[in-house]
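Dear colleague,

I am passing on the structure we spoke about, and below it you will find my notes on what turned up when I went through it. Please read them with the model open beside you.

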Amino acid sequence: MAAQVIKCKAAVAWEAGKPLSIEEVEVAPPKAHEVRIKIIATAVCHTDAYTLSGADPEGSFPVILGHEGAGIVESVGEGVTKLKAGDTVVPLYIPQCGECKFCLNPKTNLCQKIRVTQGKGLMPDGTSRFTCKGKTILHYMGTSTFSEYTVVADISVAKIDPLAPLDKVCLLGCGISTGYGAAVNTAKVEPGSICAIFGLGGVGLAAVMGCKVAGASRIIGVDINKDKFARAKEFGASECINPQDFSKPIQEVLIEMTDGGVDYSFECTGNVKVMRAALEACHKGWGVSVVVGVAASGEEIATRPFQLVTGRTWKGTAFGGWKSVESVPKLVSEYMAKKIKVDEFVTHNLSFDQINKAFELMHSGKSIRTVVKL
């Protein structure tokens, strides 16, 4: 089928706020520096739900969502040298071109090479590879993994160990890598540290895992859903607290529990009030708080400047700071060597035609990650 249009199934979001619709779509062959991938498994992430809700300022419709996937290269376009048909891959929503000033700077992973077109739901040449019922369908985050076949830029692909189970390592395309990297890359948690993780969903649990791998001596999970506490402890949390159990702000509770505050805090909910609490729970003089969660459009963060003047640092992270093309294969190898957990994040497996149920499970708080097999 190389160089030919492929007809396949995809979950199309025709408009905001409506369930996804399984449709037959046409997927055009890859152009220069593009790769067409047969998606084997994809997970559903809060970012997909955020865009589907209509709250995302970059959200455009109709679109094929999905950005936590894994699959096999079906064909490559002209000029693609590092990938070939048959390679096992993870599509990447943050590319790594290796040439832009962001890629050349060791301080960041935010490659900007195709940022403008990706934000508009288009391939780097300004067009789409998807059509359905005669209409152009947009791409999403440069990946669009809710389709049996997708086309991505060649700089947005990580080639991984062919022995890796794709229904597990698809999670390294976003959530696990983000939370784990927030701890080990962005915060650079040191052995013996005291950490607090706000929000114990998939990303928060990955941050817990990162703190444990980094040797933190005390990891405090914070969530208003106490049903998440047992699992957080399995991932390495030493204790968990529910802000609703206290009459005072949670940052004051944490300061009392830790003799002045935590060394590192991680905000994994996207709630701007929680971002403030996470910063203010940090220890005077050296505490670092990392914003991991994505807030809704137009939201702003606030704190008293004195919090920063007295030595706290506020940081942010995207995809855990990993330079994607080179780092995701290493993360897969760490998983294969049992150095990091991945299987434990998968709470549900569904067939492709049940993809809307995956969103329901996520909104209900019953799942960490639901993997959909295509």
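In this predicted model, the span of residues 17-372 is 26% helix and 23% strand, and its end C-alpha atoms lie 21 Å apart. UniProt, in an unreviewed entry, places the feature "domain: Enoyl reductase (ER)" at these positions, residues 17-372.

Turning to the interior, the largest nonpolar core has 92 residues, and those with the most contacts inside it are Val 189, Ile 197 and Phe 266. Helix H5, which covers residues 202-213, supplies the largest share of this core, namely seven residues. If residues up to four places away in sequence are left aside, Val 189 touches Ala 183, Cys 195, Cys 211, Ala 214, Ala 216, Tyr 264 and Phe 266. Apart from the largest core lies another, of 14 residues, which includes Ala 196, Phe 198, Val 253 and Ala 281.

The other element I looked at is helix H10, residues 324-336, whose 13 residues reach 18 Å from the first C-alpha to the last, close to the 18 Å expected at 1.5 Å a residue. Its buried residues are Ser 324, Ser 327, Val 328, Pro 329, Leu 331, Val 332 and Tyr 335, and what covers them includes strand E6 (88-91) and strand E10 (157-159), together with helix H3 (166-169) and helix H4 (175-187). Just after H10, Lys 338 takes a positive phi of about 65 degrees.

With best wishes

Technical notes. Residues numbered from 1 in each chain as written. Predicted model: local features only at pLDDT ≥ 70, side-chain atom pairs only at ≥ 80, totals over all residues. Heavy atoms only, no water. Core = buried A, V, L, I, M, F, W, Y, C linked by side-chain atoms within 4.5 Å. Buried < 20%, exposed > 50% of the residue type's maximum accessible area, 1.4 Å probe, protein only. Helix = DSSP H or I, 4+ residues; strand = E, 2+ residues; numbered from the N terminus. Contact = heavy atoms within 4.5 Å. Expected span 1.5 Å × (residues − 1). UniProt positions renumbered as here; feature names shortened; annotations may be inferred.
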